[in-house]
Amino acid sequence: MVTLTVSTVETAPLDGQKPGTSGLRKKVKLFMQPHYLQNFVQSTFYALSAEKVGGATLVVSGDGRYYSKDAIQIIVKMAAANGRTGHDGSRASGAFILTASHNPGGPHEDFGIKYNMENGGPASEGITDKIYENTKSIKEYLIAQDLPNVDFTALGVTSFTGPEGPFDVEVFDSAVDYVKLMKSIFDFELISKLLSCPKFTFCYDALHGVAGAYAKRIFVEELGANESSLLNCTPKEDFGGGHPDPNLTYAKELVARMGLGKLTPEDEPPEFGAAADGDADRNMILGKRFFVTPSDSVAIIAANAVEAIPYFSGGLKGVARSMPTSAALDVVAEHLNLKFFEVSTGWKFFGNLMDAGLCSVCGEESFGTGSDHIREKDGIWAVLAWLSILAYKNKENFTGEKLVTVEDIVRQHWATYGRHYYTRYDYENVDSGAAKELMGYLVKLQSSLSEVNQIVKGICPDVSNVVHADEFEYKDPIDGSISKHQGIRYLFEDGSRLVFRLSGTGSEGATIRLYIEQYEKDPAKTGRESQEALAPLVEVALQLSKMQEFTGRSAPTVIT
């Protein structure tokens, strides 16, 4: 058994280590500079209570992006030096997750790290604030430099001895536990019947992210799908040079195959398609030549969950969405008499509700969907939820002439609950100063609704009046914490909304996100093209905010 020694390394604060909504994300070259990663990890240990560090079990995992292998070795050595025991068979007290989610990977791209708590969910703002304060005053960190590198390709336990006692490192296959969990939630036998139906075709694109490691296990080995159904399912450190963001802009190969590209595909598109981001927590759902908005997706899952998913057969405890997400879920909650919550952007806010037994299904417009089976959004879970709904709708019809399709399910939902026309404009890598000026202007403009409505009517007389404008603030009903400055809202008399928000998931510059929503209850008017229906509101939003004047951008980077 190897005996390790602890070294105390002098350091000094480094700028820019404030975690965003999903941890700290920066360029790889910044993380690779001396002490950068170490400062953040030690600052995290300092932010935790003694029982969460000394003698506790820590999980380290990630999306496999470039620099992950080196970072994990550093974290293991620092965990040993700070008194972590590693593997002892007990429940983990926390985890470092190495991911930059949907951001590109590679030597010149992005890396990220976040700390998750014992419930499996992201650290609270109270903890991330402490981490940030510690990064501004850190003077030293502890590390077991002589600890041999761990072979992460070999499953098993390696034991060491240190000043605080034994230290074990276990390398385990997380896919084994995940498959077991999914089989306890969904009816795999019924989904298998759907996938084996000759009239049903399926395509899943992992965008060379970590979802590929799970996709073959679940869709091919467990559910019987053809391996040819899998696209880009070999995980790569640089995601194959692509942008692992499951949307209509970046999932180009899947979008083309599903008949939604500019060119007509050579083959008939599959009935169902889905994509994941780099760390598999986001998802995009597509039907044949049909895009399902994330806001509609979570609402449809909630509306069908009790009937279609065994895990929810006893009923839903409640539902929740992030503030920028469309109100489609609100309407479902009202119809089904469910508890409903509108929270700040960030999955940690859903976790508190779930731990309190108040929320079963939740989602974000940014392609994140999940339930209370874990405390993170779960992209593969969302795909299985949709396959479950399709299987349930078709269980008496597998041998019929025509299957109920994704488009059928969505249009029936609109007929029942109305349609929330919705789009999001992303302006990425905007000058941070210009972005803050734009947001400040919009806040100042809210002081006079009469002036706002005068501007709106001057742009488009047919658009409804603004009846309320504010900067969203969320008070957590569980712990009483207050999150301020969560997005600027303009709410219209007819239920339409404009929301402006600075994203916290980029690695440099600022990302301005503009959300545009219009509700339509008339079934005769729910079939319009989204961009056509929203065109007047889009024009109002761009001119009201002076978007081009502040940012210099004549068009968004991405439209969803």
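Two rings of Phe, Tyr or Trp, the six-membered ring being used for Trp, count as a pair if their centres lie within 6.5 Å. In this structure, which is a predicted model, a search of the whole structure finds 18 aromatic pairs by that rule. A search for enclosed space in the whole structure finds five cavities of 30 Å³ or more. The points below take up some of these aromatic pairs, then the second largest cavity, and then three individual residues in loops.

**Aromatic pairs and rings**

- Phe45 and Phe96 form one aromatic pair, with 5.8 Å from centre to centre and 85° between the planes, an arrangement that is edge-to-face.
- Because Phe45 belongs to helix 2 (residues 36–47) and Phe96 to strand 5 (residues 94–98), this pair ties together parts of the chain that are 51 residues apart in sequence.
- Both partners are hidden from the surface, since Phe45 is buried and Phe96 is buried too.
- Phe186 and Trp381 form another pair, and it is tilted because the ring centres are 6.3 Å apart while the planes stand at 50°, an angle between the limits of 30 degrees for stacked and 60 for edge-to-face.
- The pair of Phe186 and Trp381 links distant parts of the chain, 195 residues apart, with Phe186 in the loop between helix 5 (174–185) and helix 6 (188–196) and Trp381 in helix 12 (residues 379–394).
- Phe186 counts as buried because its relative accessibility is 3%, and Trp381 is likewise buried, with a relative accessible area of 0%.
- Beyond these pairs, Phe31, Tyr36, Tyr67 and Phe111 form one aromatic cluster.
- A ring can also lie beneath a charge, as with Trp414, where the charged end of Arg419 sits over the ring at 3.9 Å from its centre.

**The second largest cavity**

- The volume of the second largest cavity is about 120 Å³, and of the 13 residues that line this cavity, the closest to its centre are Gly23, Lys114, Tyr115, Ala123 and Thr128.
- Strand 6 (110–116) contributes at least two residues to the lining of the second largest cavity, and helix 4 (125–135) also contributes at least two.
- Sorted by class, the lining of this cavity consists of six nonpolar, five polar and two charged residues.

**Gly209 and its contacts**

- Gly209 is found in the loop between strand 10 (202–205) and helix 7 (211–222), and despite this place in a loop Gly209 is buried, with a relative accessible area of 0%.
- When residues up to four places away in sequence are left out, Gly209 touches Pro235, Phe239, Asp277 and Gly278.
- Ile482 is 273 residues from Gly209 along the chain, and the C-alpha atoms of these two residues are separated by 35 Å.

**Two loop residues with positive phi**

- Ser101 has a positive phi of about 55° although it is not a glycine, and Ser101 lies in the loop between strand 5 and strand 6.
- Ser101 is buried because its relative accessible area of 2% falls under the 20% limit.
- Lys546, another residue other than glycine, also has a positive phi, with a value near 55°, and Lys546 lies in the loop between helix 16 (530–545) and helix 17 (547–551).
- Lys546 counts as partly exposed because its relative accessibility is 32%, a value between the limits of 20% for buried and 50% for exposed.

Definitions and conventions:
Residues numbered from 1 in each chain as written. Predicted model: local features only at pLDDT ≥ 70, side-chain atom pairs only at ≥ 80, totals over all residues. Heavy atoms only, no water. 1 Å grid on protein atoms, 1.4 Å probe; cavity = no way out; pocket = protein on both sides within 12 Å on 5 of 7 lines; lining within 4 Å. Points joined across faces, edges and corners; volume = space filled by probe spheres on them. Helix = DSSP H or I, 4+ residues; strand = E, 2+ residues; numbered from the N terminus. Nonpolar A, V, L, I, M, F, W, Y, C, P; charged D, E, K, R; others polar. Buried < 20%, exposed > 50% of the residue type's maximum accessible area, 1.4 Å probe, protein only. Contact = heavy atoms within 4.5 Å. Lys NZ or Arg CZ within 6 Å of the ring centre and 35° of its normal.
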